[in-house]
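Grab a viewer and work through these exercises at your own pace. Each one sets a task, then walks through a solution.

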Amino acid sequence: MNTAATSLPERSAAEAADLVLTRDETAPGVLVRRIRQRRQMYVGQIASYSLGAFVLLLYAHDGTIRINVPSLFWIGGVTIIGVFVVMSEAGVGDRHNDHYLTVFQISAHMALQFIFLVSVPTIGIAFISVLFLIFAFGTLRMTSVQAMLTWALATLALAAVFLASDLPIGMPVATRLQRTASMLCFVLVIGQCAFLGLFGATLRKILYRRSIELKAAYQRIEELAELDELTGSYNRRCIMRLLDAEIEKSRQAGAPCAIALIDLDWFKRINDAHGHPVGDEVLRTFAITIFANIRPDDRFGRYGGEEFLLLLPGTASEAASRMVDRLRSIVAELDWSAFSPRMSVTISAGVVTLRDNDTADTFLARADSALYSAKAQGRNRIAIS
């Protein structure tokens, strides 16, 4: 005649899912949700004991049990709940992994049922049936070790009642009122078990939905970890990994591969003359322009500072040269005056194709040498090596 369920299964399940999926269990928001969830549970327990006491009142009215049994049962249950409420509000449970103190709660409620089972054996089946409800709640919270422990305690208690005593344990159905009360015992237990089943099903659905959301979030985090925060292009670590992969892919397929190391001309002067915020906008605009004018299979990343690396898989030397020179012309012809009157931005690039004996380091070294040559020739041009 007692359950730890609350009257709000969907909301409680959602909060339980939040707690399961939250990393920092000491965060203030998590602790507040835990307290709210426990309060709902305790309100549900009080309601359950009240319904149980009402059924006992029917038995008492029929004369099956003493008139003081319902009130003693209700007071006993509320006392147990009150102890755990005080512990909850004091934060005792939050110091443990199982902040519900499930084993202690289940043990206390089982002990109360066994006390009344022994005291009022004539309606003992009513108290025994509640054990199923108590364990139904426990399965939502307990670990396998806790389940085995509480099951062992219940087994010992049942053995003592059934094997070590001759108590006349029964469920009276002699009168219409007794049959009504007995029916209500099972109706309440079945209803509350169904409620707990609904809670568990809702929790599973919410956890499944949250797992999908987490998967999408982790995927987004992985994407962000590969991107340069300022320009949205690949960061150095990612573009270098992609370069290694393209070199390997090119050699396995016997296909050409080209790269271009691109540098914004006189970028330091732009920062000095117009400030770093304008310089950042120039870098962003440049990156957006490149993205809009490269092929889907090309890869573009920030190599460092104002230097960028463009991977051109399956591209021979002449085609790579034409592609990069087209990008150079597009950047030079952009209207940069929106950032500052008479501002112009140009790029220089070193373009190289993969050789048989190239490693990533030698490949980049040749591109860097070609870039240096383009700058030495006056900038706003490309050089091929």
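**Exercise 1. Find the residue across from Ile 262, then place its strand in the sheet.**

Step 1: Ile 262 sits opposite Ala 349 in strand 4. Strands here are DSSP E runs of at least two residues, helices are H or I runs of at least four, and both are numbered from the N terminus.

Step 2: Before going on, a word on the model: it's predicted, so local features need pLDDT of at least 70 and side-chain atom pairs count only at pLDDT 80 or more, while totals for chains, interfaces and linings use all residues. Residues are numbered from 1 along each chain as its sequence is written, and side-chain values use heavy atoms, leaving out hydrogens and water.

Step 3: Strand 1 (residues 257–264) and strand 4 (residues 347–353) pair in the antiparallel sense, over seven bridges. Two strands pair if DSSP finds at least two bridges between them.

Step 4: Zoom out to an open sheet of five strands, ordered 2-3-1-4-5 with mixed pairing. Strand 2 (299–304) and strand 5 (382–384) are at the edges with a single partner strand each, so one side of each has no neighbour in the sheet. On average, neighbouring strands are turned by 20° against each other, direction ignored.

Step 5: Now add helix 11 (residues 317–333), which lies across strand 1, strand 3 (307–313), strand 4 and strand 5. Helix 11 runs at about 170° to strand 4; axes are lines fitted to C-alpha atoms, for helices over the stretch in contact, and angles run from 0 to 180 degrees between N-to-C directions.

**Exercise 2. Where do Arg 342 and Asn 380 lie, and what is the sign of phi at each?**

Step 1: Most residues other than glycine have a negative phi.

Step 2: Arg 342 goes positive, at about 65°. Arg 342 lies in the loop between helix 11 and strand 4, and is exposed at 79% relative accessible area (exposed is over 50%, buried under 20%, partly exposed in between, with a 1.4 Å probe and protein chains only).

Step 3: Asn 380 has a positive phi too, about 55°. Look for Asn 380 in the loop between helix 12 (360–376) and strand 5; at 30% relative accessibility, Asn 380 is partly exposed.

**Exercise 3. Which residues have the most contacts inside the largest nonpolar core, and which helix gives the most to this core?**

Step 1: A nonpolar core is a set of buried Ala, Val, Leu, Ile, Met, Phe, Trp, Tyr and Cys residues joined through side-chain atoms within 4.5 Å.

Step 2: The largest has 41 residues, and Leu 56, Tyr 59, Ile 65, Met 110, Ile 123 and Phe 127 have the most contacts inside it. Helix 5 gives the most to this core, with nine residues.

Step 3: Take Phe 127: leaving aside residues up to four places away in sequence, Phe 127 touches Leu 56, Phe 73, Gln 113, Phe 116, Leu 117 and Val 120. Contact means heavy atoms within 4.5 Å.

Step 4: Another core, of 30 residues, lies apart from that one, with Val 278, Phe 308, Val 331 and Trp 336 among its members.

**Exercise 4. How many disulfides does the structure hold?**

Step 1: Look for cysteine sulfur pairs within 2.5 Å; the count is zero.

Step 2: Check Cys 257, whose nearest cysteine sulfur, that of Cys 238, is 15 Å away. Cys 257 is buried at 2% relative accessibility.
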